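The exercises below are to be worked with the sequence and the structure side by side. Each task is followed by a solution in steps.

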Amino acid sequence: EEEEDSLLVLLSVLYQHGQLGLCFYDSKDSSLHYMLDASDSQELHLLDKVLQEIHPHVIITSAKQEHCMTSFLQQLGELRSNPDYKPEIVTYPYVDFDLNVSKQRLLSAHLPFLPASISEREKLAYLSSCISFDSPLMVSWLSKYFQIHKSRPCVTVNHLRAVGALLKCLDRRRVGVELEDSSVGVPILQFHAYTLKGIICIDHDTYSVLQIFKSELHPSVYKLHSGEKEGLSLYGILNRCRCKFGSKLLRQWFLRPTRDLTVLHRRQEVIRFFASPQNSDALSTLQSLLRNISNIPMLLRRMSLSRTKVSNWQSLYKTVYSAVCIRDKARHLPQSVQLFRDISEGFSDDLSYIASLISRIVDFEASIAERFTIRDNVHPAIDEKKRRMMGLSDFLTDVARRELEQLDARITSCCVIYIPLIGFLLSLPRLPSMVEKEDFEIQGLDFMFLSEDRLHYRSQRTELDSLLGDLHCDIRVTILPINCVYPQALKSLSTTITISKVLDLIAELDCLMAMSMASQEYGYTSPKLTHERRITVTRGRHPLLELCSPVFVPNSFQSLDSQGRVKVITGPNSSGKSIYLKQVGLIVFMALIGSDVPAKEAEIGLVDGIYTRMQSRESVSVGLSTFMIDLNQMAQALNNSTGNSLVLIDEFGKGTNTVDGLSLLAASISHWLKKAAVDVPHVLVATNFHSLLQLGLLPSSGFLSLLTLETAVDGDELVFLYQLKEGICQSSYAANIATLAGLAPSLVQRGVEVSELYRTGKPIKQIDTASTDKQAKRCRFVVEKFLSLHLDDADVDLQRFMKEEVLPSGGELL
Ligand SMILES: Nc1ncnc2c1ncn2[C@@H]1O[C@H](COP(=O)(O)OP(=O)(O)OP(=O)(O)O)[C@@H](O)[C@H]1O
């Protein structure tokens, strides 16, 4: 018990630009766990879940942090279900969360399992396979990057930053080594990638190789700094959301796929409902309503900060009104669907009240050109002023007529104008005789200014200003408080009916209708989701390639509980291996966000992670060799995958010496084949190393399944059939593909010859490229030289003869 008491969990957390990164140390097994950066809302729901799951005793955070984090930590004790839980909060200066500091602390951390003689470079390379750095040098590279582009929050490595502060705290408190000599550091015995239960581990590389997201710079020069647009990606084709926060929520679903069957079934039932043709009317009505939804909290904030524009009131009115309509529509849909029931019950009558309140206050028809007009009977003072304004024009014509009677007969016309803040002025045309300023003076009138050949005077006779006052200003002054006060009132009202809940439900509806539309258009099917360790896909397709390619050949996939879980796929180049791997990855991913999948039928056992080793990232920017990146990705897959993960490996080992690469690949596959049945992940390996199978480098196992992609040879031409079948590919057909790619036939022919000789172990003869004519000329030259040699001569020097006459240029002649 005492031991239990002394166990500590220390969590270090950083929230920046909507990204939450954290890591924690568990003294029970001296392990360091890190969670890859994940997007979290301002309410920090994700962090709350993490706290509930790991119950840290100490929470370390930065002194410089966003406001929401401060208030979250303050409320921690009150909000949580367990009121006794009060973790200690430690704040460190932001510099402790610096990337370079983190790197240095990691390098000097006490890692007992590493040999003492290990160099810093080797240590970094090792650490990069333990904790996702993206690359060991990435840390320093990123810190430079951040200094240059401080304002660009696109690359976030908050989990790495958090490691620095965590290690500092461990060191200070000497967790677990309190009684040891000060030279003994706090040991870290293992690193683990941490994922919340129910959330799937998918790293940045997987998102990019599977083309789940693909941002492209916006082609417009003006948007160069701000805009990145979505290229051809899964998110791009599924995102048909009508409102902005629908798209935002969909992105979050993509970033946080889940294994929670309740959540997924809730999404599936809505998608299925809208996918049915008889519900297409409901779909289009709801979608047109969704178009009117604006971001109310932002709108209200804007309205209370600055002077409200009519357009703000209009958006607010439209949003609330449309939300009421959505609720009414949802009430007519089957209440057996959970989301419809939530909308029907969750959108209270307060919404209708707000809508009617706005329409009672603001006169939208009269508020033309952004001028805010309030309806009659809202405010008695305004009503009175309005009445006076209405009669003003007749009154002023009358005044002008009276003034004209008093003026010089040469002036034939005049009018009274009103200029806000200056007041009422008499405006007369300028006569040709009026040249100098003195000529402008008229008795009984104060000259103000000359503009566009008209003279403007204030009339002492009528004193309109004192009579009427500055009506427009008055009306403004009376309106302003109303304009400011009402949004405040609405704001408090809207918080009471938890407007955020209404918006969340609307966003969810938007996402699901978008996914349903995509499902209908592309012919997807609703997968059966289970927690079993099996995946079966019948006639699956690649959701992006099928849109670009005129003909797409569907292929099935089956990975059962105990058989054929490790699939090795061989096939000629360009036969479709990579596409097949990605297709399986994408189908599983789509199931994990609740979407329908491109297949005829599918049963997906929900996986806890998708690990990929596919085409490498550009190595220049990350400062690592291509092969090192490959190894890092492979290490993550080998170390972190469980019996419930999906591992996709494409052409691993080709970045180094063939034999070494082949051995590493064979060793990695064997590692999985030798595991206990429950620990073997679903593995798909595509390789061009045919000798892996021809030389029998893999142990025989029931888990192993060998597949290939079908091709046919028609004459000299290779035809790709893209059909998956059991078996091994015997030839790479590299020559046929090289011919297809346009290499010269003579070159390809020589390649085939050499390859054949190499395979059969025969010597490869060098080809003499000199022409026959040239050779004959050389021979003639040598023969003539020998014929002219007289061996009987006493002074004959054979050495000199050979060197200087037969081989004058160092043997080149022969
Ligand atoms: N099922 C399919 N139906 C139609 N076309 C396909 C299919 N699979 C692949 N293709 C086409 O074949 C091309 C090559 O596919 P892929 O990149 O998967 O080949 P590969 O076997 O991995 O090649 P390599 O070994 O050279 O990497 C794709 O770009 C696509 O146009």
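**Exercise 1. The annotated span**

How far apart do the end C-alpha atoms of residues 645–661 lie, and what percentage of the span is helix and what percentage strand?

Solution. Note at the outset that this is a predicted model.
- Step 1: the C-alpha atoms at the two ends of residues 645–661 are 24 Å apart.
- Step 2: helix makes up 24% of the span and strand 29%.
- Step 3: for these residues an unreviewed UniProt entry gives the feature "domain: DNA mismatch repair proteins mutS family".

**Exercise 2. The sheet around E21**

Find the order of the strands in the open sheet that contains E21, and name its edges.

Solution.
- Step 1: the sheet has 7 strands in the order E7-E19-E20-E21-E17-E22-E23, with mixed pairing.
- Step 2: strand E7 (201–202) and strand E23 (717–726) are the edge strands, each pairing on one side only.

Now work out the neighbours of E21.

- Step 3: E21 pairs with strand E17 (residues 566–570) in the parallel sense over 5 bridges, and Val 568 stands opposite Val 685 of E21.
- Step 4: E21 also pairs with strand E20 (residues 646–650), again parallel and over 5 bridges; here Leu 648 has Leu 684 in E21 as its bridge partner.
- Step 5: E20 in turn runs parallel to strand E19 (residues 609–613), joined by 4 bridges, and Tyr 611 is partnered by Val 647 in E20.
- Step 6: E20, helix H25 (residues 658–673) and E21 make a β-α-β unit that is right-handed.

Are the residues on the two faces of E21 buried or exposed?

Solution.
- Step 1: His 682, Leu 684 and Ala 686 point one way from E21, while Val 683, Val 685 and Thr 687 point the other way.
- Step 2: residues of both groups are buried, in keeping with the count for strand E21 (residues 682–687), where 6 of 6 residues are buried.

**Exercise 3. The ligand shell**

How many residues surround the ligand, and which are the closest?

Solution.
- Step 1: there are 15 residues around the ligand, the closest being Asn 573, Gly 576, Lys 577, Ser 578 and Ile 579.
- Step 2: by element, helix H22 (residues 577–592) gives the largest share of the shell, 3 residues.
- Step 3: by type, the shell divides into 6 nonpolar, 8 polar and 1 charged residue.

**Exercise 4. Two helices**

Compare the end-to-end reach of H24 and of H14 with the expected value for each.

Solution.
- Step 1: helix H24 (residues 626–640) has 15 residues and reaches 21 Å from its first C-alpha to its last, close to the 21 Å expected at 1.5 Å a residue.
- Step 2: helix H14 (residues 310–331) has 22 residues and reaches 32 Å, close to the 32 Å expected.
- Step 3: the buried residues of H24 include Met 628, Ile 629, Leu 631 and Asn 632.
- Step 4: the buried residues of H14 include Trp 313, Leu 316, Val 320, Ala 323 and Arg 327.
- Step 5: residues three or four places apart in an α-helix point the same way, because there are 3.6 residues a turn.

**Exercise 5. Positive phi**

Where do His 17 and His 55 lie, and are they buried or exposed?

Solution.
- Step 1: most residues other than glycine have a negative phi.
- Step 2: His 17 is not a glycine, yet its phi is positive, about 45 degrees. His 17 lies in the loop between strand E1 (9–16) and strand E2 (19–26).
- Step 3: His 17 counts as exposed because it has 12 C-beta neighbours inside 10 Å, and 12 or fewer is the cut-off.
- Step 4: His 55 also has a positive phi of about 45 degrees without being a glycine. His 55 lies in the loop between helix H2 (45–54) and strand E4 (58–62).
- Step 5: His 55 counts as exposed, because it has 12 C-beta neighbours inside 10 Å.

**Exercise 6. Sequence distance and space**

What are the C-alpha to C-alpha distances for Ser 39 with Gln 19 and for Ser 732 with Ala 514?

Solution.
- Step 1: Ser 39, in strand E3 (residues 31–39), is 20 residues from Gln 19 in sequence and 4.4 Å from it in space.
- Step 2: Ser 39 counts as partly exposed, because it has 15 C-beta neighbours inside 10 Å.
- Step 3: Ser 732, in the loop between E23 and helix H27 (734–740), is 218 residues from Ala 514 in sequence and 43 Å from it in space.
- Step 4: Ser 732 is partly exposed, because 17 other C-beta atoms lie within 10 Å.

How values were computed:
Residues numbered from 1 in each chain as written. Predicted model: local features only at pLDDT ≥ 70, side-chain atom pairs only at ≥ 80, totals over all residues. Expected span 1.5 Å × (residues − 1). Buried ≥ 20, exposed ≤ 12 C-beta atoms within 10 Å, placed from the backbone. UniProt positions renumbered as here; feature names shortened; annotations may be inferred. Near = placed C-beta within 6 Å. Nonpolar A, V, L, I, M, F, W, Y, C, P; charged D, E, K, R; others polar. Pairing = 2+ DSSP bridges. Right-handed = clockwise from strand over helix to strand, strands pointing away.
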